Every structure is written in C-alpha cells, then in structure tokens.
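Here's a walk through one structure in questions and answers. Each label gets checked against the cut-off behind it.

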Amino acid sequence: MATAPSAASRIAVITGASSGIGAATARKLAAAGYRVVLTARREDRIEALAKEINEAGHQATAYPLDVTDRAAVDEFATAFKTVAVLVNNAGGALGADPVATGDPADWRTMYETNVIGTLNLTQALLPRLEASGDGTVVVVSSTAGHGTYEGGAGYVAAKHGAHVLAETLRLEIVGKPVRVIEIAPGMVKTDEFALTRFGGDEEKAAKVYQGVAEPLTADDVADTIAWTVTRPSHVNIDLLVVRPRAQASNSKVHRDL
C-alpha cells in the first residue's frame, strides 16, 4: 500500500484514475493547479500517471483503493484535513443482456461500483470538503442515468442510482459550502469501457462505435469536468449532459456504414 497523501490545500481526489476519463481528468485538474490524488485498484497504472504528472511540473499522488471497500475508504479519508474536489468517476458496465437473462452478479457489481462506491467516498470525504470552505463533489454518471435502452437495464439502473444520489445530496446540503455537480456523458470511446463491458470481446466492443465518425474522447469529458470545477464558487453546474454530435439519444446514433 502506498503512503497516504499528506493534507494540503486545493486537493482533488479522482476515483477510477487508472485510465480513460479518470486519468484524463487528473491531467486536466493538475494542469489547473490542483494537487491530484489518484485512486484506483491498479497501482501500477496510477503510479505511472502520478510520475507523468509530477514530471510535467504539477503535483500528483497515487493511492491504490477499491471504492467498494468501506474500511479502506475510511482509512484513506483520514489522510486529509480538507479536500477541495472529489471526482466520483469509478464505475463501468458489465454485459448487455436483456432483463430476462441478465446476470444478477453483474448487476450487483455495477451497483456496488457505480453507486455504493460513490456513496462511500462522498460520505467519507464530505466533512473534509465542507471544512475546505469551498468544496465540490462531482458525480460522473451517464446519459444512461437519464434514459434507458434495450440490453442496458443493469447499467441504466446503476447510473440512475448515481444520478439520484447526486440530486438528493444537492438538496440535503444546500446552504453548506459544497457544490454537487453531475456530468452525464453519452457515447465515449475509451480503450477499456466497451471491452470491459463485453468481457474482452474486441469484435463486440468495436461494434459499439462502428460507423460513428467522432465519438467523444476521455479528454472531451475531462474538459467538461475541469470547466465545471473551475467556475466561480457561487456557480453550480447541477447537470451537464455531453454527447457527440452523431448521437441524439441513447438509442439514436448516426452511423456511416
């Protein structure tokens, strides 16, 4: 286990920082002047990213963490007196089976990661965010949290949970110096999302993006996260939905085939 990061001002904690949107967000927030704390289960990935960020003249610390392990999350939180930003990015999808044949284990894993993981980090760090006097909680949900599609019920259910968590938290802490922001990306092409969803089946993963000239990239989503976080303190971007131009809804996508 890596040494816990010491307390400092303008700390941004990013979960799921080993790849994709999480890694891109870490780079963006580090460039914006935050000391980024990178969490994920894959220690080698976040250590390499922390080294890259530090060599670029910014500040980063890697801390291996499973967001579904509440005891580990609580221990992680003791490293801080204040935290400026928490980006709840850890999540993901498993499978694309219909409700009738969906694997309950996959549903449970998706709920644990996308919802309970977000709950764990938010509960553990909320006192530190409030203590900063100007905290921000970001929940990276999905357009799946705002509409459904065939074959997506397990992931859709989990992302609806993440959306409702953010929406309810905002109501419950209004008046406190903490913003709650939800970023809901549509089709984003990363190295791992679809591949993980389809159990490493490269052919199935490729079909998700087939014919779509320009799906979103991890950097596109990271740009939106960094923009919302760096707005003046009194400005709260409650919900930002971002899709590629080729995608009109979860089930309406223009493809050049």
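Q: What does "partly exposed" mean here?
A: A residue counts as buried under 20% relative accessible area and as exposed over 50%, with partly exposed in between. Keep in mind that this is a predicted model.

Q: Why is Arg27 called partly exposed?
A: Arg27 has a relative accessible area of 36%. Buried would need a value under 20% and exposed one over 50%, so Arg27 is partly exposed.

Q: What makes the pair of Glu52 and Arg27 a salt bridge?
A: Their side chains meet at 2.6 Å, N to O. The cut-off is a side-chain nitrogen of Lys or Arg within 4 Å of a carboxyl oxygen of Asp or Glu, so this pair qualifies. Glu52 sits in helix H2 and Arg27 in helix H1, so the bridge ties together parts that are 25 residues apart in sequence. Glu52 is partly exposed too, at 36% relative accessibility.

Q: Why are H1 and H2 called roughly parallel?
A: Their axes cross at roughly 25° and come within 11 Å. Angles under 35 degrees count as roughly parallel, so the label fits H1 and H2. H1 passes H2 in a right-handed crossing. Where they meet, Ala23, Ala26, Arg27 and Ala30 are on the H1 side, with Leu49, Glu52 and Ile53 on the H2 side.

Q: What makes H1 oblique to H8?
A: Helix H1 (residues 20-31) and helix H8 (residues 218-229) have axes that cross at roughly 45° and come within 8 Å. That angle isn't under 35 degrees, nor over 145, nor in the 65 to 115 range, so H1 is oblique to H8. This crossing is right-handed as well. Among the residues that meet are Gly20, Ile21 and Ala24 in H1, and Ala218, Asp219 and Val221 in H8.

Q: How do you know that H3 is roughly parallel to H4?
A: Helix H3 (residues 70-77) and H4 pack at an angle of about 20°, with axes 9 Å apart. With the cut-off at under 35 degrees, H3 is therefore roughly parallel to H4. The contact involves Arg70, Val73, Asp74, Phe76 and Ala77 of H3, and residues of H4 including Asn120, Leu121 and Gln123. H3 passes H4 in a right-handed crossing.

Q: What makes Asp74 and Arg70 a salt bridge within one helix?
A: Their side chains meet at 2.9 Å, N to O, and the limit is 4 Å, so the pair counts. Both residues lie in helix H3, 4 residues apart, about one turn of the helix. Asp74 is partly exposed at 35% relative accessibility, and Arg70 is partly exposed at 29%.

Q: How do you know that Glu192 and Arg45 form a salt bridge?
A: The N to O distance is 3.3 Å, and with a limit of 4 Å the pair counts, so it's a salt bridge. This one links distant parts of the chain: Glu192 is in the loop between strand E6 (178-185) and H6, Arg45 is in helix H2, and the two are 147 residues apart. Arg42 joins Arg45 and Glu192 in a network of salt bridges. Altogether, the structure holds 7 salt bridges.

Q: Why does Asn120 count as buried?
A: Asn120 has 5% relative accessibility, and buried means under 20%, so the label holds. Asn120 is in helix H4 (residues 104-131). Leaving out residues up to four places away in sequence, Asn120 touches Val67, Thr68, Asp69, Arg70 and Val73.

Q: Why is Thr118 called buried?
A: Its relative accessible area is 2%, and the cut-off is under 20%, so Thr118 is buried. Thr118 also has its place in helix H4. Apart from neighbours within four places in sequence, Thr118 is in contact with Asn88, Thr113, Val139 and Leu165.

Q: How do you know that Arg197 has no salt bridge?
A: The nearest side chain of opposite charge, Asp106, is 9.0 Å away. A salt bridge has to be within 4 Å, so Arg197 and Asp106 don't make one. Arg197 is buried and is found in helix H6 (residues 193-197). Its contacts beyond four places in sequence include Ala93, Leu94, Tyr149 and Tyr155.

Note on methods
Residues numbered from 1 in each chain as written. Predicted model: local features only at pLDDT ≥ 70, side-chain atom pairs only at ≥ 80, totals over all residues. Heavy atoms only, no water. Buried < 20%, exposed > 50% of the residue type's maximum accessible area, 1.4 Å probe, protein only. Lys, Arg positive; Asp, Glu negative; His and termini not counted. Contact = heavy atoms within 4.5 Å. Axes fitted to C-alpha atoms, helices over the stretch in contact; angles between N-to-C directions. Left-handed = near helix turned anticlockwise from the far one by under 90°.
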